[in-house]
Amino acid sequence: MNFKQLEFKKHNDPLVALSVTDVIQETDDVRTFRLDNSKGVLSPHKPGMFVKVCLNIKGENVWRSFTISSSPLHPKQIDLTIKRNPRGVAGNYFFEHISPGSEIKIKGPLGRFFYDRELHTEPVVLLCAGIGITPMMSIVRFLSDIKQNSPCALFYGARSHLDIIFDQETKQFISELPGFQYFLTLSQPSPQWLGNCGHLNIDFIQTKIPQFLRSRFFLCGPRHFNQEFEEQLLGSGVPQSLIHCELFHKKRKSK
Ligand SMILES: Cc1cc2nc3c(=O)[nH]c(=O)nc-3n(C[C@H](O)[C@H](O)[C@H](O)COP(=O)(O)OP(=O)(O)OC[C@H]3O[C@@H](n4cnc5c(N)ncnc54)[C@H](O)[C@@H]3O)c2cc1C
């Protein structure tokens, strides 16, 4: 499917209802809501794409976007991995009211931020922070499903060891996928932490990626994270066509 077809789809996707089969506690404030798509009512997605969720909260429709964190090669199950923000409307609603058996109305899949195995033949570099791990996880799970041997490096910045999402599963991919590398860095590590500390930075990434200038980069983090990395990648000579950015906190016009 090309971009034009995806854009066309965007305006034609119906609102579908999927029931929740499982809720997985990933960290204190992150849960994965697993939805039953066994009837195939949600059309296939590419790894990195998102859905729009419509929640009816106090009689009003509240729309929010959530990335599909599961692999497209397991289309019967759709995972949404959601971070709760103490002041947030939808995140709090999910945590307090959505449990196995609940129905969720969604529209999609949507978005231009995705990995395409036919077009994206370069080494893949995934740069993310916090909940920005969700599209990267869909990509890595997909690469694992297709047993991809070419290079893929995941750079993931989290706050403390309590905030690391999908850590065990990601570590498993290192042994399963010969081309896969995982670099985790904590900005608020405990004194016992023996891994990388601080914020991700371009020098660190450059030292780890031998084919830096001809890699394809996927960025997902807070606004300043995306902006800084995009500028630094461009400044280092990476062409714009090899940089994909996803931003979770865009300015919303309305609920
Ligand atoms: C394409 C796309 C994909 C997304 N995928 C995911 C995903 O996979 N998982 C996920 O959890 N979210 C994802 N989001 C973000 C999600 O759509 C919501 O914006 C988020 O869950 C907050 O919604 P809320 O209703 O809980 O908070 P709101 O009621 O919208 O916000 C309440 C207040 O908190 C602020 N706020 C909320 N969250 C944050 C934050 N994390 N950092 C800083 N300020 C914040 C808001 O600006 C506001 O001031 C995605 C967004 C987009 C556009």
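**View 1. Domain 1 and domain 2 have C-alpha centres 24 Å apart.** The model shown is predicted. The domain assignment places domain 1 at residues 3-110 and domain 2 at residues 124-246.

**View 2. Domain 1 meets domain 2.** Here 15 residues of domain 1 are in contact with 13 residues of domain 2. Two strands each supply at least two residues of the side of domain 1 that touches domain 2: β1, residues 15-27, and β5, residues 77-83. What kinds of residue make up this side of domain 1? Seven are polar, five are nonpolar and three are charged.

**View 3. Six strands form an open sheet.** Follow the strands across in the order β4-β3-β6-β1-β2-β5. The pairing is antiparallel. Which strands lie at the edges? They are β4, residues 60-67, and β5. Each of these edge strands pairs on one side only. From one strand to the next, the twist averages 40°. Strand β5 thus appears in two views: as an edge strand of the sheet, and as a supplier of residues to the side of domain 1 that touches domain 2.

**View 4. Strand β3 pairs with the edge strand β4.** Strand β3 covers residues 50-57. Eight bridges join β3 to β4, and the two run antiparallel. Look for Cys 54: Trp 63 in β4 stands opposite.

**View 5. Helix α2 lies across four strands, β2, β3, β4 and β5.** The helix spans residues 89-97. Strand β2 spans residues 30-36. At what angle does helix α2 run to β3? The angle is about 75°.

Definitions and conventions: Residues numbered from 1 in each chain as written. Predicted model: local features only at pLDDT ≥ 70, side-chain atom pairs only at ≥ 80, totals over all residues. Domains from an automatic or database assignment. Contact = placed C-beta atoms within 7 Å. Nonpolar A, V, L, I, M, F, W, Y, C, P; charged D, E, K, R; others polar. Pairing = 2+ DSSP bridges. Axes fitted to C-alpha atoms, helices over the stretch in contact; angles between N-to-C directions.
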